[in-house]
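Hi everyone, thanks for making time for this. I'd like to walk you through one structure, a piece at a time, so please have a look at it while I talk.

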Amino acid sequence: MIAVVGHPDLTAPTLEMVEEELRRRLAEFARAGRAGLVRAGQGLPVAFGRAARAAGLALVTVLPTKNGVPDVLESSDRRAAGELLLLSEQVRLMEYDPADRGACVGADEDLMRSCARVLAVWDGSPSDGRDATAHLVAFARSSGVDVEVLWPDGASRSG
């Protein structure tokens, strides 16, 4: 499996650049019969899902559950989750609260443990109260997961 992590505040032009770059990089994983893994949400997860589909890579989307029942995503993530479900070959349910930042970070850590590689859309900045990208990169590396950082020339964040 290959997963993606990255900044939640990428600009629309950056998401377009990242999606194109992901499409190129994911094609080799598709040829190797791998699958992509993404936690449902807007922005980067959708760009990853679209790129995976275009590259021919099987996509697994993770949805939150509460007591074993699918949980409601924040309104800003619902449309994105719907698109990801349409792009996915498989759905994985995972117990976490999508409204709790710490639970989302913990879910991402759990997902990365099952991956051989993580693509990190990261500008090298430290984690803060909103963005855990640096933490997740360090976590993956310390867990022995290969991390490939992707930050195209001209990429920017809105935050």
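Let's begin with alanine 32: buried or exposed? Alanine 32 has a relative accessibility of 56%, and the cut-off for exposed is over 50%, so this alanine counts as exposed. You'll find alanine 32 in the loop between α1 and β2. Now look across to leucine 57, which is 25 residues away along the chain. The C-alpha atoms of alanine 32 and leucine 57 are 9.3 Å apart. Oh, and please keep in mind that this is a predicted model.

Another loop residue next. Asparagine 67 sits in the loop between β3 and β4. Its relative accessibility is 69%, which is why asparagine 67 counts as exposed too. What about the phi angle of asparagine 67? That phi is near 55°, so to speak a positive value in a residue that isn't glycine.

Serine 76 is a case in between. This serine belongs to helix α3, and with a relative accessible area of 39% it is partly exposed. If you look for glutamine 42, you have to go 34 residues along the chain from serine 76, yet the two C-alpha atoms are separated by 7.1 Å.

Okay, on to helix α2. This helix covers residues 44-55, and from the first C-alpha to the last it reaches 16 Å, close to the 16 Å expected for its 12 residues. How many of those residues are buried? The count is 9 of 12, and that makes α2 mostly covered. Among the buried ones are Leu44, Phe48, Ala51 and Ala52. What do the buried residues of α2 pack against? The list is β1, α1, β2, β3, α3 and β6. Right after the helix comes glycine 56, with a positive phi near 85°.

That takes us to the inside. The largest nonpolar core has 30 residues, and the ones touching the most other members are Leu22, Leu26, Leu44 and Phe48. At least two residues of this core come from each of β1, α1, α2, β3, α3 and β6. Take leucine 26 as an example: leaving out residues up to four places away in sequence, it touches Ile2, Phe48, Ala51, Ala52, Ala55, Leu57 and Leu119. There's also a second, separate core of 14 residues, including Val105 and Phe139.

Val105 is in helix α4, where it is one of the buried residues, along with others including Cys104, Asp108 and Met112. Helix α4 has 13 residues and spans 19 Å between its end C-alphas, close to the expected 18 Å. The buried residues of α4 pack against β1, β2, β3, β5, β6 and α5.

Last stop: the largest pocket. How much space lies in there? About 880 Å³. Of the 37 residues lining this pocket, Pro8, Arg39, Cys104, Asp108 and Arg130 are the closest to its centre. Which element gives the most to the lining? That's α4, with 6 residues. The other elements supplying at least two residues each are β1, β2, α2, α3 and α5. And if you sort the lining by type, you get 21 nonpolar, 8 polar and 8 charged residues.

So Cys104 and Asp108 turn up twice: buried in α4, and among the residues closest to the centre of the largest pocket. Okay, that's my tour, thanks for listening!

How values were computed. Residues numbered from 1 in each chain as written. Predicted model: local features only at pLDDT ≥ 70, side-chain atom pairs only at ≥ 80, totals over all residues. Heavy atoms only, no water. Helix = DSSP H or I, 4+ residues; strand = E, 2+ residues; numbered from the N terminus. Expected span 1.5 Å × (residues − 1). Buried < 20%, exposed > 50% of the residue type's maximum accessible area, 1.4 Å probe, protein only. Contact = heavy atoms within 4.5 Å. 1 Å grid on protein atoms, 1.4 Å probe; cavity = no way out; pocket = protein on both sides within 12 Å on 5 of 7 lines; lining within 4 Å. Points joined across faces, edges and corners; volume = space filled by probe spheres on them. Nonpolar A, V, L, I, M, F, W, Y, C, P; charged D, E, K, R; others polar. Core = buried A, V, L, I, M, F, W, Y, C linked by side-chain atoms within 4.5 Å.
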